[in-house]
Amino acid sequence: MPRQFRFLPHRFVFLWLCLLAPLLLRAEDNNTLQLLHEPWGRLLHHHVTSDGRLDYEALIDEEDKLLDYLESLRKVKPDPSSWTHDDTEAFWLNVYNASATYLVLQYYPVASINDIRVKTVSGVKSPWEAPVVNVGGQSYSLNQIERQMLRDQFHDPRVHFALMYGAASNAPVLAEPYDGAHLGAQLDAQARRFINDPAFNQLTPQRVLLSGLFQAYATEFGTDAQVLAFVNRYARTPVLPTAQVEYQSFSWALNDRSVLSSSHALNKR
């Protein structure tokens with residue numbers, strides 16, 4: 001065998017291993033993240049109702065498991081060198097949702113998450129501004145996670161159908177944790193479910209009555225025309241670009257397991 005070809009197989013194997021190594025590391029990271037969020041997933045599976053509400057009363061019996069999950073997050077910090085953008089976005093969605101849920105449990109029964117007042121060393125704060133989350137040893141408020149870790153980083157308006165605001169008017173809760181490997185499909189499914197549910201949005205070709213979420217986050221969803229274009233990406237009933245757009249008020253009543261009645265649903269402003 002000519003000398004120049006003698007070590008070719010070894011070089012080929014070395015090159016193959018170099019190319020494969022990042023994929024193996026990525027798979028390992030993904031498995032680690034799935035294991036990290038598994039306890040939260042079990043709680044969601046057991047306590048999210050079929051219509052996407054949360055059974056807080058039953059969840060109190062497993063409050064220690066939720067706390068253990070949140071405590072595990074104190075040791076984790078998103079790693080941009082090995083995590084994908086979807087991994088990081090899914091991570092912060094899970095952090096937000098679990099933290100908001102745990103906060104409600106601390107004050108349950110409560111009519112609305114907005115009724116909660118959290119005592120801090122600097123005084124009493126709202127549930128949105130209090131530093132109730134700890135990730136990687138750093139404290140955050142729910143608003144910081146929503147604005148800085150999600151909206152400012154990813155510019156993905158679909159997160160508003162994934163975040164658990166603890167309100168009757170927020171999108172139905174997904175009964176599983178968000179996962180970077182399937183995040184796009186999960187967020188699309190959440191958008192489709194929310195937009196086509198007449199309890200939240202009423203669509204006809206000529207007129208739409210939309211959730212107040214679209215109006216509250218108009219900087220992300222855009223003008224009425226841009227909102228209609230977004231809605232049409234998911235709507236089962238196509239809406240005309242010239243359709244009349246109206247917005248409904250947002251109910252902050254707790255998204256507890258009780259059935260959403262017509263008086264409890266979104267009311268027209």
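The paragraphs below go through two helices in contact, a buried helix and a small sheet. This is a predicted model, in which local features need pLDDT of at least 70 and side-chain atom pairs count only at pLDDT 80 or more, while totals for chains, interfaces and linings use all residues. Residues are numbered from 1 along each chain as its sequence is written, and side-chain values use heavy atoms, with hydrogens and water left out.

Helix H4 (residues 63-73) packs on helix H5 (residues 85-107) at about 140 degrees, their axes 10 Å apart. This makes H4 oblique to H5, the word for angles that are not under 35 degrees (roughly parallel), over 145 (roughly antiparallel) or 65 to 115 (roughly perpendicular). The contact (heavy atoms within 4.5 Å) includes Leu 66, Leu 67 and Leu 70 of H4 and Phe 91, Val 95 and Ala 98 of H5. Its residues divide into 10 nonpolar, 4 polar and 1 charged.

In helix H6 (residues 142-154), the buried residues (under 20% relative accessible area, 1.4 Å probe, protein chains only) include Leu 142, Ile 145, Met 149 and Phe 154. The buried residues of H6 pack against H5, strand S3 (133-135), strand S4 (138-140) and helix H9 (218-221). After H6 comes His 155, with a positive phi near 50 degrees.

Three strands form an open sheet in the order S5-S6-S7, with mixed pairing. Strand S5 (202-203) and strand S7 (244-247) are at the edges with a single partner strand each, so one side of each has no neighbour in the sheet. S5 pairs with strand S6 (residues 207-210) in the antiparallel sense over 2 bridges; pairing requires at least two bridges found by DSSP. In this pair, Gln 202 stands opposite Leu 209 of S6. Helix H10 (residues 224-232) lies across S5, S6 and S7, at about 90 degrees to S7.

How values were computed: Axes fitted to C-alpha atoms, helices over the stretch in contact; angles between N-to-C directions. Helix = DSSP H or I, 4+ residues; strand = E, 2+ residues; numbered from the N terminus. Nonpolar A, V, L, I, M, F, W, Y, C, P; charged D, E, K, R; others polar. Buried < 20%, exposed > 50% of the residue type's maximum accessible area, 1.4 Å probe, protein only.
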